[in-house]
Amino acid sequence: MRNGTTLLLLAAMALAGAACLSATGAGSALAASLEPTDSGAPSAKVMFPVSEKPNPKGSAMKPVVFNHLIHEKKIENCETCHHTGDPVACTTCHTVEGKAEGNFITLDRAMHATNIAKRAKGNTPVSCVSCHEQQTKERRECAGCHKIVTPTRSQAWCATCHNVTPSMTPADLQQGIADKLPPERNEELAAETVLSHKPAKLLAPTEAPYKVRIDAIAETYEPAVFSHRRHLTSLMERIKDDKLAQAFHNQPETLCSTCHHRSPLSATPPKCASCHAKDIDKAHPQRPNLKAAYHLQCMGCHQGMNVGRPRNTDCTTCHKARP
């Protein structure tokens, strides 16, 4: 249930949305095809790198389509994002250069900052990245993988959000940077981007090995038999309807990259022993040996997902003792 402050914010946003619609018309049919929000705010909107300076090449941070609808459904309180209590666009206070209204915090920092210090008074702001990271650490279905692997901040990772329909023209971009793009056109571009997004098709469980026999370092214990397909199927089932996972797991093999974390995405990645030797590699002393690599991965995932069994000290559950 939303609190009183949030209801006031929703009412204000609805009035703002109504004023916007009356000024620009009912909006394009494309934008109207999206499910409406409870607040009356646009279901999706393009966030441009608003700047006070001309930017003829559009070389600043690329625009992002913010899906207000799915975020509004997930977040109970509007002030989580609108931390000042005023339901205005982020770029009202945060621009490429920064401005006094936003304590000179640039748009880049406002959207990407992590480890944000808790405010003594008022709401502590969250960025897009800090909120997503919090979700992956707190939600059981995410924490198993994200406890042991931090996604690489590559161009492909950035493009997950910084990706607007090719229909956006250079003129649209320049108007957006100047904060002068008509709202109707903004919502049209946003809707086209949202509707064009299709979740990646996950690997079929049958494409993965049924079981994997881990015997490279079997000495005191018998080889461990890893139920590979059961683990993969369980993870797929947990995240299949999750919008955040669908956005960032944008390749069929992304889920494989937690265990096979230093290999190119593939349905047939190399074995762990390809990189991890039985003994510490003197040329790469920071790299765990094979025994440590196996246990860090398995135990780390179980701890992240709060799996009660097997206990970390219960060795014979995974590999039986030799007679």
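**Exercise 1. Describe the stretch 239-319 by its helix and strand content and by the distance between its end C-alpha atoms.**

Solution. Over residues 239-319 the chain is 27% helix and 0% strand, and the end C-alpha atoms lie 29 Å apart. Helices here are DSSP runs of H or I with at least four residues, strands are E runs of at least two, and both are numbered from the N terminus. The model is a predicted one, in which local features need pLDDT of at least 70 and side-chain atom pairs count only at pLDDT 80 or more, while totals for chains, interfaces and linings use all residues. Residues are numbered from 1 along each chain as its sequence is written, and side-chain values use heavy atoms, with hydrogens and water left out.

Next, turn to the record: the UniProt annotation "domain: Class III cytochrome C", from an unreviewed entry, covers residues 53-146 and 239-319, and such annotations may be inferred rather than shown by experiment. Over residues 53-146 the chain is 33% helix and 3% strand, with 39 Å between the end C-alpha atoms.

**Exercise 2. Work out how domain 1 and domain 2 are placed and how many residues of each are in contact.**

Solution. Begin with the bounds, which come from an automatic or database domain assignment: domain 1 is 44-196, and domain 2 is 205-260 + 271-305. Their centres, taken over C-alpha atoms, are separated by 33 Å. With contact meaning heavy atoms within 4.5 Å, 16 residues of domain 1 touch 17 residues of domain 2. The two domains bury about 1600 Å² between them, 66% of it on carbon and sulfur atoms; this is the accessible area (1.4 Å probe) lost on putting the two parts together, summed over both. Of the area that domain 1 buries against domain 2, R140, E141 and I148 supply 31%, more than any other three residues.

**Exercise 3. Find which side chains meet in a salt bridge at 1.9 Å, and then examine a pair that links distant parts of the chain.**

Solution. A salt bridge requires a side-chain nitrogen of Lys or Arg within 4 Å of a carboxyl oxygen of Asp or Glu, and the structure holds 9 of them. Across the interface of domain 1 and domain 2 the rule finds 1. The side chains of R139 and D242 meet in a salt bridge, at 1.9 Å from N to O. For the distant pair, take E35 and K73, whose closest N and O atoms are 3.1 Å apart. E35 sits in the loop between α2 (29-32) and β1 (45-47), whereas K73 belongs to helix α3 (residues 68-74), 38 residues apart.
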